[in-house]
Amino acid sequence: MAGPERRAADAPGIGRPILIAHRGGARGNEENTAPVFARTEQMPVDMVEFDVRRTVDGALILVHDATVHAGGRRFHVAETPVADLRAAVPGLLTLDEFLEQFGKARPFNLDMKARGYEAEIAAALRRHDVVAQALVSSVHIWSLRRLGRMVPELALGLSRGHLASSAPPPLQPLAARWLRLTLLLMLLPGLWISRARSVMLQHRVVTPWLVRFLRRRGYRVFTWTVDDPGEAARVARAGVDGIASNTPLDIRDAIASR
């Protein structure tokens with residue numbers, strides 16, 4: 001079965017990398033929330049991306065960071081009930097709510113931010129009949145492998161290159177250069193173990209030779225998070241299959257053709 005990323009890329013006349021609305025295509029307090037995804041439904045994007053974590057009472061919610069800052073307070077998601085997070089974050093969605101409201105609108109990339117709730121994700125995707133729409137990514141190799149065993153037809157993506165954005169800003173160019181030299185040593189074993197067929201790369205580590213190497217071996221290559229049109233054009237020329245952006249409409253013209 002072709003994964004959602006393949007179906008989006010093969011859409012008639014697309015002629016460019018698929019455009020992915022990162023966290024729904026928003027930043028700050030709006031990201032990953034219901035109003036953002038409602039707006040995204042009207043946007044000319046090919047896929048939406050969002051992040052999933054589990055609360056202390058077992059709810060799967062759409063949130064990126066392990067800690068949420070709201071109303072002058074700090075909430076550790078894994079130690080906080082979903083009701084308290086709802087009160088703090090307007091428009092907060094559970095995974096079930098997202099899948100019910102938006103799951104069939106277009107392909108989506110679910111980024112699993114922590115370990116331990118693979119079975120709940122698998123059950124939610126089956127319950128809402130959206131396995132064919134889903135690409136599940138993570139940095140956690142064994143979590144991806146477990147998901148693949150539970151849902152063999154599910155498209156999986158291994159995410160790498162985070163040091164290029166998490167290092168202190170003055171060191172990020174150096175970190176990116178180091179990763180370009182060493183990434184395959186870490187990437188290939190992870191792909192073999194996880195059984196992922198897609199790779200999600202931080203944009204600074206993307207090079208044409210790396211994309212060619214991976215694509216010739218049957219992997220799909222995606223990059224995150226690209227908000228600068230010039231950088232979007234560069235990674236598009238490198239041959240990536242998809243680009244995630246907080247501002248997808250701003251980079252759309254830059255990637256109109258490879």
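A crossing of two helices is called left-handed if the near helix is turned anticlockwise from the far one by less than a right angle, and right-handed if clockwise. In this predicted model, local features need pLDDT of at least 70, side-chain atom pairs count only at pLDDT 80 or more, and totals for chains, interfaces and linings use all residues. Residues are numbered from 1 along each chain, and side-chain values use heavy atoms, with hydrogens and water left out.

Let's start with helix 5 and helix 6 (helices being DSSP runs of H or I, at least four residues, numbered from the N terminus). Their crossing is right-handed. Glu118, Ala119, Ile121, Ala122 and Arg126 of helix 5 make the contact with Ser143, Arg146, Leu147 and Met150 of helix 6 (contact means heavy atoms within 4.5 Å).

Now for the inside. The whole structure has 1 cavity of 30 Å³ or more; on a 1 Å grid over the protein atoms alone, a cavity is a set of points where a 1.4 Å probe fits but cannot get out. The largest cavity has a volume of about 50 Å³, that is, the space filled by probe spheres set on the points. Phe37, Thr40, Glu41, Val48, Phe98, Phe102, Ala105 and Arg106 line the largest cavity, each having an atom within 4 Å of a point. Helix 2 (34-40) and helix 4 (95-102) are the elements that give two or more residues to this lining.

Here is the make-up by class, where Ala, Val, Leu, Ile, Met, Phe, Trp, Tyr, Cys and Pro count as nonpolar, Asp, Glu, Lys and Arg as charged, and the others, Gly among them, as polar.

| Group | Nonpolar | Polar | Charged |
|---|---|---|---|
| Contact of helix 5 with helix 6 | 5 residues | 1 residue | 3 residues |
| Lining of the largest cavity | 5 residues | 1 residue | 2 residues |

Methods. On a 1 Å grid over the protein atoms alone, a cavity is a set of points where a 1.4 Å probe fits but cannot get out, and a pocket is an open set with protein on both sides within 12 Å along at least five of seven lines; lining residues have an atom within 4 Å of a point.
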